[in-house]
Amino acid sequence: MRILLTNDDGIHAPGLELLEAIAARLSDDVWVCAPLDEQSGAGHSLTLNLPVRLRQFGEKRFAVTGTPTDAVNLALRKLFPDRRPDLVISGINGGENLADDITYSGTISAAMEGALAGIPAIALSQAQRTSGREAGLGFAAAEGWAARVLAPLIDGPKARRSLVNINFPALPAEAVKGIRVVRQGLHDYARGSLVEGVDPRGKPYFWFGLEDVEHTLDHGTDLEAIGEGYVSVTPLQVDLTDHAALGALAERYAS
Ligand code: MN
């Protein structure tokens, strides 16, 4: 099994180092192609107005001067001309990617890029705060639970143009209660904090904060699972069509 690893925290991130160790137990054909610098919040952006460069850090380790999407896209085009990876794993992100984080997340978008190419893809993220405070546990839950949560995904059937978003709670591994397959929850980012200041040249600036984001803790969501101490597993689809709305919208244009 050929595995491509990537992330959005950059080639030197500790979560990627841990992911490389986990992947080495799954395969002896593990490749890394990750952004050179941190790209958290880059979403699914593809760099079109600048060239991107590929830097080699080892026999199968590369970094791209661009976004997570650039890294996966370039890897698929340039590094694997003959045989593509069988699996793309993105992470392990330092910080959760739950609910509406999904559309902002470079970690998830990198996995989505694999799914768009028809390759089974998984995004891994480690929550690092509980009740708004840093838990100081690093990647403990991910380290203890990654093998257990990955095994059924690797052994079982894989859906095309679909990816799996996995989050580990900010708990010691032995305190994690189990694994829950849940749907995407809902944040309210519009109510998140906004830091305002004045730069050294006297110009005002704004900085998006992630504190005080409101959560809707509906039953059966990723937010609830993580809040209750479980690993969350959420299947995501690349097709964003609101299928339930198709009929009603078509009727509005029918007359
Ligand atoms: Mn990140």
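1. Strand β15 gives the most to the lining of the second largest pocket, with four residues. The model is a predicted one, and the points below apply to it as such.

2. The second largest pocket has a volume of about 310 Å³. Its lining is made of 15 residues, of which I102, M112, Q184, Q237 and L240 are the closest to its centre. Besides β15, the elements α3 (101-104) and α4 (106-116) each supply at least two residues of this lining.

3. The manganese ion has four named residues as its protein donors: D8 and D9, each through OD, S40 through OG, and N93 through OD1. These donors lie 2.1 to 2.2 Å from the ion. In sequence, the donor residues follow the spacing D-D-x30-S-x52-N. Both D8 and D9 are buried.

4. The largest nonpolar core has 32 residues. Inside this core, the residues with the most contacts are L5, I89, I92, L124, I166 and F168. The elements that give two or more residues to the core are the strands β1 (2-6), β2 (29-35), β5 (87-94), β6 (121-126), β9 (162-168) and β15 (230-237), together with the helices α1 (14-24) and α5 (140-155). Helix α5 gives the most, with seven residues. Strand β15 therefore appears in two places, in this core and in the lining of the second largest pocket, where a lining residue is one with an atom within 4 Å of a pocket point.

5. What does I166 touch, leaving aside residues up to four places away in sequence? The contacts are I122, A123, L124 and S125, then V149 and L153, and finally V231, S232 and V233. Apart from the largest core lies another core, of 24 residues, including F62, V72, A121 and V238.

6. Seven salt bridges are found in a search of the whole structure. One of them joins D86 and R83, with the closest N and O atoms 2.8 Å apart. D86 is partly exposed, at a relative accessible area of 33%, and R83 is also partly exposed, at 40%. Another salt bridge is formed by E134 with R129, where the closest N and O atoms are 3.5 Å apart. R129 has a relative accessible area of 39% and counts as partly exposed.

7. The side chains of R180 and E224 also meet in a salt bridge, at 3.9 Å from N to O. This pair links distant parts of the chain: R180 sits in strand β10 (residues 178-181) and E224 in helix α6 (residues 222-227), 44 residues apart. Is each partner buried or partly exposed? R180 is partly exposed, with a relative accessible area of 24%, whereas E224 is buried, with 12%. Elsewhere, R2, D29 and K60 are joined into one network by salt bridges that share partners.

8. D70 belongs to helix α2 (residues 68-79). Its relative accessible area is 4%, so D70 counts as buried, the cut-off being under 20%. Not counting residues up to four places away in sequence, D70 touches S45, L46, T47, V52 and V64. D70 and S45 are 25 residues apart along the chain, and their C-alpha atoms are separated by 7.9 Å.

Notes: Residues are numbered from 1 along each chain as its sequence is written. This is a predicted model: local features need pLDDT of at least 70, side-chain atom pairs count only at pLDDT 80 or more; totals for chains, interfaces and linings use all residues. Side-chain values use heavy atoms; hydrogens and water are left out. Donors are N, O and S atoms within 2.8 Å of the metal (3.2 Å for Na, K and Ca); water is not among the atoms, so sites may look incomplete. Buried means under 20% relative accessible area, exposed over 50%, partly exposed in between (1.4 Å probe, protein chains only). A salt bridge is a side-chain nitrogen of Lys or Arg within 4 Å of a carboxyl oxygen of Asp or Glu. A nonpolar core is a set of buried Ala, Val, Leu, Ile, Met, Phe, Trp, Tyr and Cys residues joined through side-chain atoms within 4.5 Å. Contact means heavy atoms within 4.5 Å. On a 1 Å grid over the protein atoms alone, a cavity is a set of points where a 1.4 Å probe fits but cannot get out, and a pocket is an open set with protein on both sides within 12 Å along at least five of seven lines; lining residues have an atom within 4 Å of a point. Grid points are joined across faces, edges and corners, and a volume is the space filled by probe spheres set on the points.
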